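Welcome! Take a moment to look over the sequence and turn the structure around on your screen. Then read on with the picture beside you.

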Protein chains: 2
Amino acid sequence: MAATVSDVARAAGVSASTVSRALTGGTVSPATREMVMAVASQLGYQPNRAARGLITGRTGNLGLIVPDLRNPFFADVVKGVTTRARALDCGVFIADTDEDPRAELEAVAALSRNTDGLLLCSPRAGDDELLEVVEPASTVLIHRQVPGIPSVVADMVDGTRQAIAHLHALGHRRVAYVAGPEDSWASRQRQAALADAHADVEILRLGSVAPTFQGGVLAGDLVLASPATAVVAYNDMVALGLLHRLAARGISVPERLSVVGYDDVSLATMSHPPLTTVAVPKGRAGAAALDMVQRRIGGAGGRPRASQAAPEQEIVLGTSLVVRSSSGVAGA
Amino acid sequence: MAATVSDVARAAGVSASTVSRALTGGTVSPATREMVMAVASQLGYQPNRAARGLITGRTGNLGLIVPDLRNPFFADVVKGVTTRARALDCGVFIADTDEDPRAELEAVAALSRNTDGLLLCSPRAGDDELLEVVEPASTVLIHRQVPGIPSVVADMVDGTRQAIAHLHALGHRRVAYVAGPEDSWASRQRQAALADAHADVEILRLGSVAPTFQGGVLAGDLVLASPATAVVAYNDMVALGLLHRLAARGISVPERLSVVGYDDVSLATMSHPPLTTVAVPKGRAGAAALDMVQRRIGGAGGRPRASQAAPEQEIVLGTSLVVRSSSGVAGA
DNA sequence: ATGAAAGCGCTAACAC
DNA sequence: GTGTTAGCGCTTTCAT
C-alpha cells in the first residue's frame, strides 16, 4: 500500500495538517518543511490526487480529445500538450474519437466531470452541439473556432497568402486547390483565405477528397486534367498522395507541376521531392492551449473569480511557408 | 456546480445509498432503480470518480507511457489502448517520455499512485530500474520483456523467419541487416532471430543506426557498399529512409536490391515502391495489454486475491510478412 | 507555527 | 429493499 499523509506525519512526528502544509506550500517553519519533505521522499510518498481533488475541487488533470492519434498532425499537438503538462505536473486524459462526432460529445461529457479543463483538438462536431455540452469557462479549442468558446488557432489566412505569393513569384497564374471535407471548419477557412490571397492568381477548386494519402492519390488525376500549373492541397497527407500519384504517372515535380501542402508534418521532409508546405504550429498550439486553460481556471481553484478584465478568448499563432523542392518555376 | 448523489437522492426522494446502489448495480427494486436512473440523467448526473475511487480503492483509470507519440508505431499502440478503454469506460492517462529513461521512471512514479494499473510501451529504461519502480501486479509491458513483469509482445522470431524465408525463396543468399540502437531489447531480439532464421542465408550486420528515417538514409550507402542483394531494416522508418537514399542514388528497388522492414506502419504502403514488411500487431497489442492488466487487477478491487491459478505472465501475438513491391527476385 | 476537527462525494457495513 | 453511519486521503478552517 502506498504511503499516506498520516504515514508521513507519524514518521516525521508531526500532524497530518503540517505535512500537508509543508508539501503544498503553506506556512511552516523552514526546518519542519525540510524535515517533512525528506521523510516524504524517503517513504516514496505520492499524494493521492483523488483525495486532494475532492477537497480542493481541482483534480489537477486535463482532458485532451483528438479525432485520430494516427494522424501525425494530431500526434504533434498531443505531444505539445503532454510535454507542457509534464512541466506543470498536470495529468492528461487522452481520448481518441475516431473522427466520430458522437464519440466526441460523449468524451466531453465523460471527461468534464473528472478534469479541471478540456482541450478539444479540431473537433468534428457542429458549433451548436459543442456549445451544448461544453463548459466555455474551462474549455479551449485547438485549430477550431466556435463563437463563445476560447481557442488557439493558426493564422491560415497569412499562411495561404504566403503560399500563393510564393507560387505567383514563380510565375504560376492558375493554381488548383484540392479541397478537403466539405463541411469542416478548416476547409472553409482555407477556401476563404484562398479566395482573396492574390488578385492575379486564379484558383481552380477541385474535389473535395478525403483528407488522407488516398484522397491525394485520387486528386492527382483530377489535377492533371485541369489547366493548373501548381496545386495547393488541403493538407500534407493529401499533398503526399498527390506526389505519389504524379510520380506513378511519370509527371515530374516541380518541373511540370508545383505542389504545396499545409501543416508541415514530419513526413513532408521525407517525400520525393521534399514538400513545400505552410507550416502550422502544432506542438506550440497544444502547449498554448494548455497554458490558456490553466490561466482561465487557475488561481481561483474552482471558485470563479469575479470578472477580471475580460479573459482572452483567442490566440492566433503565426504560420510560415517552408519552401522545399516540390515547388518551382512555372513551365520549367 | 455538477450534481452529486445527494442532489439526485433529494430529487428522487430516496437516500444517497439507494442512489449509489441503483447506479452501480446493487440490490434495489426495479421500480426504484428506474426512477433513480431517470432522475439522475435528467439532472445530468455524472459520478465523481475521484470520490468513488477514494472508497473503492480503484480509480477506473489507467496510465499509458510511451517513448514518443510522433512515432507512428506508438501512435498505433496508443490508439489500440484508447479504443479498448472507451469500450470499457476506463480513463487513460497518457505520458510521453521523449525517449528519456529518466522521464519514464518519473512517469511511473507519478502515475502509479493515481491509477489502477500501468501500461508501459517499449520502455527505454533498464530491467533493473524498471523492476525497482514498477508494481508487477498492476503493470503490463508492451513490446518489451522483463523477467517478473507481465508483457504483451509480438513473435519476432517467427516474423523474421518468414522474412528470411521469403528472401531465400527469391534467391537471396546474402542479406544485410541494418541494426538499430545497440542496447535496445527490440534490437537484441531481432538479431537473435536473424541468427538462426535460415541456414542457407548469410546475414551481414550493418550499423547500428538511429531507428529513424535519417538513420535509414545513412544506412543506404552502407548497404550499397556491401555485397548483399537484399536488406532487412531495423524497422519501417529505417527502411523508408533507405528507400529514399537508394532512389536518390538511382538504385532500382527491388531489381538491384530488395528491402524489407519491420512493423508495417501505415506509411509502408505509401512509399515508392510500397514496402514489404513484417507486420507486428500494434493496436491489438495495446488492446491486449489493457485487457490483461484489467484481468490482473480486476474483480478483487484492490485486495490482491489469494493465488488464483497462476495468472498469465505473457502474451505473444502473431506476426506476418506483408509482401509488397520492395522485395523481388535476386539479381533481376 | 502547529494541532484538532470537519468535510469534500461517494460507497460499504450494518441495521432494520 | 432501504436508510443510517462511517470513513477513504486529503486540505482547510479554527483554535492555540
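This report goes through the domains, the contact between the chains, the DNA strands and a few unusual backbone spots.

**Getting your bearings**

Keep in mind that this is a predicted model. Start with chain A, where the domain assignment gives domain 1 (5-47), domain 2 (61-154 + 282-317) and domain 3 (156-280). You may notice that domain 2 is written as two stretches, 61-154 and 282-317, while domain 3 covers 156-280. If you go from the C-alpha centre of domain 1 of chain A to that of domain 2 of chain A, you cover 34 Å.

**Where the two protein chains meet**

How many residues does each chain bring to the contact? Chain A brings 44 residues, and chain B brings 43 residues. Together they bury an area of about 3800 Å², with carbon and sulfur atoms giving 60% of it. Three residues stand out here: A:Lys79, A:Arg113 and A:Met270 supply 19% of the area that chain A buries against chain B, more than any other three residues.

Charge plays a part in this contact too, as the count between chain A and chain B is 9 salt bridges. One to look up is the salt bridge of A:Lys79 with B:Asp96, in which the closest N and O atoms are 3.1 Å apart. In addition, 18 residue pairs are in polar contact across the interface of chain A and chain B.

Which elements of chain A supply at least two residues each to the side that touches chain B? They are helix 4 (49-56), helix 5 (72-88), strand 2 (91-96), helix 6 (101-112) and helix 11 (236-248). Helix 5 of chain A gives the most, with 7 residues. Sorted by kind, the residues on this side of chain A come to 23 nonpolar, 12 polar and 9 charged.

**Around DNA strand D**

Now move to the DNA. DNA strand D is surrounded by 26 residues, and the closest are A:Val5, A:Arg52, B:Ser17, B:Thr18 and B:Thr32. Of the atoms of DNA strand D that come within 4 Å of the protein, 59% belong to sugar and phosphate.

Both protein chains take part in this surface: helix 2 (16-24) and helix 4 of chain A, and helix 2 (16-24) and helix 4 (49-56) of chain B, each supply at least two residues. The largest share, 5 residues, comes from helix 4 of chain A. By kind, the surface near DNA strand D has 10 nonpolar, 12 polar and 4 charged residues.

**Around DNA strand C**

What surrounds DNA strand C? There are 25 residues around DNA strand C, and the closest are A:Thr18, A:Thr32, B:Val5, B:Tyr45 and B:Arg52. Sugar and phosphate make up 63% of the atoms of DNA strand C that come within 4 Å of the protein.

For this strand, helix 2 and helix 4 of chain A and helix 2 and helix 4 of chain B each supply at least two residues of the nearby surface. Helix 4 of chain B gives the most, with 5 residues. The surface near DNA strand C divides into 10 nonpolar, 12 polar and 3 charged residues.

**Polar contacts with the DNA, side by side**

Here are some atom pairs to find in the viewer.

| Residue | Part of the residue | DNA atom | Distance |
|---|---|---|---|
| A:Ala51 | backbone | base nitrogen, DNA strand D | 3.2 Å |
| B:Thr18 | side chain | phosphate oxygen, DNA strand D | 2.5 Å |
| B:Thr32 | side chain | phosphate oxygen, DNA strand D | 2.6 Å |
| A:Arg21 | side chain | base nitrogen, DNA strand C | 2.8 Å |
| A:Ser29 | backbone | phosphate oxygen, DNA strand C | 2.9 Å |
| B:Ala51 | backbone | base nitrogen, DNA strand C | 3.2 Å |

**Backbone spots to look up**

Finish with the backbone. A:His272 and A:Pro273 are joined by a cis peptide bond, with omega about -10°. You can find A:Pro273 in the loop between strand 9 (258-263) and strand 10 (276-279) of chain A. In chain B, the peptide bond from B:Gly207 to B:Ser208 is also cis, with omega near 15°. B:Ser208 sits in the loop between strand 7 (202-206) and helix 10 (213-224) of chain B.

Which residue has a positive phi although it is not a glycine? That is A:Asp89, with phi at about 55°. Look for A:Asp89 in the loop between helix 5 and strand 2 of chain A.

Note on methods: Residues numbered from 1 in each chain as written. Chains lettered and ligands numbered in written order. Predicted model: local features only at pLDDT ≥ 70, side-chain atom pairs only at ≥ 80, totals over all residues. Heavy atoms only, no water. Domains from an automatic or database assignment. Contact = heavy atoms within 4.5 Å. Buried area = accessible area lost by both parts, 1.4 Å probe. Salt bridge = Lys/Arg side-chain N within 4 Å of Asp/Glu carboxyl O. Polar contact = N/O pair within 3.5 Å; in protein donor to acceptor, adjacent residues only side chain to side chain. Helix = DSSP H or I, 4+ residues; strand = E, 2+ residues; numbered from the N terminus. Nonpolar A, V, L, I, M, F, W, Y, C, P; charged D, E, K, R; others polar. Near = heavy atom within 4 Å.
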